[in-house]
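User: I should like to learn how to read the packing of a protein model. Could we begin with contacts and then proceed to cores and helices?

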Amino acid sequence: MTGQALYILPCPVGNITDVDILWQGEWRRIPYRQFHNASIKPYYYVQSGMIGLVPTPDTDVTMGLKIFHIPVLPPLSINDMDGMTGFDPDYDMVLVYGVLREITGGFDELYQQLLNDWKAANNGYEKYSVDERW
């Protein structure tokens with residue numbers, strides 16, 4: 001909105017992964033800056049749980065701000081057992097059999113097999129690396 005620099009966040013600050021704005025008809029990813037930097041524009045900052053834009057928008061753009069973030073998952077309860085757990089969907093049964101193993105003393109073989117499969121799929125070095133240049 002014209003003259004509005006601060007906007008309410010849809011998530012906790014630590015969950016933000018990317019911020020894009022509609023800039024001259026095209027979506028543009030903007031960087032995060034902790035301190036004011038007059039030479040780099042546009043950018044975003046976080047203040048008191050709100051996201052701020054620099055420069056302050058001078059025109060109204062409907063749905064001109066996209067905040068990509070890691071989803072905030074509610075705590076699981078008996079009433080929503082089919083909800084998202086945050087675990088890799090290929091290995092979410094590791095959690096189920098782990099709990100069953102603790103409660104009943106059984107299911108150890110299934111739990112160990114799923115856990116070993118998960119460890120085999122997730123061991124070793126990452127496939128990609130990020131090289132930073134200063």
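**Contacts, cores and a helix**

Analyst: Leu-53 touches Ala-5, Tyr-7, Ile-21, Ile-30, Tyr-43, Tyr-44, Tyr-45 and Leu-65, leaving aside residues up to four places away in sequence; contact means heavy atoms within 4.5 Å. The model is predicted, so local features need pLDDT of at least 70 and side-chain atom pairs count only at pLDDT 80 or more, while totals for chains, interfaces and linings use all residues. Residues are numbered from 1 along each chain as its sequence is written, and side-chain values use heavy atoms, without hydrogens and water.

User: Which residues form the largest nonpolar core?

Analyst: A nonpolar core is a set of buried Ala, Val, Leu, Ile, Met, Phe, Trp, Tyr and Cys residues joined through side-chain atoms within 4.5 Å, where buried means under 20% relative accessible area with a 1.4 Å probe, protein chains only. Here the largest has 11 residues, among them Tyr-7, Leu-9, Ile-30 and Leu-53. Strand 2 (16-23) and strand 5 (50-54) each supply at least two of its residues, and strand 2 gives the most, with 3. A second, separate core of 5 residues includes Tyr-91, Val-94, Tyr-97 and Leu-115.

User: Which residues of helix 1 are buried, and why do they lie on the same side?

Analyst: An α-helix has 3.6 residues a turn, so residues three or four places apart point the same way. In helix 1 (helices are DSSP runs of H or I, at least four residues, and strands runs of E, at least two, numbered from the N terminus), Val-94, Tyr-97 and Gly-98 are buried. They lie on the same side because they cover an arc of only 105° around the axis, taken from the directions from the helix axis to the C-beta atoms. Their cover includes helix 2 (108-121).

Terms used. Buried means under 20% relative accessible area, exposed over 50%, partly exposed in between (1.4 Å probe, protein chains only).
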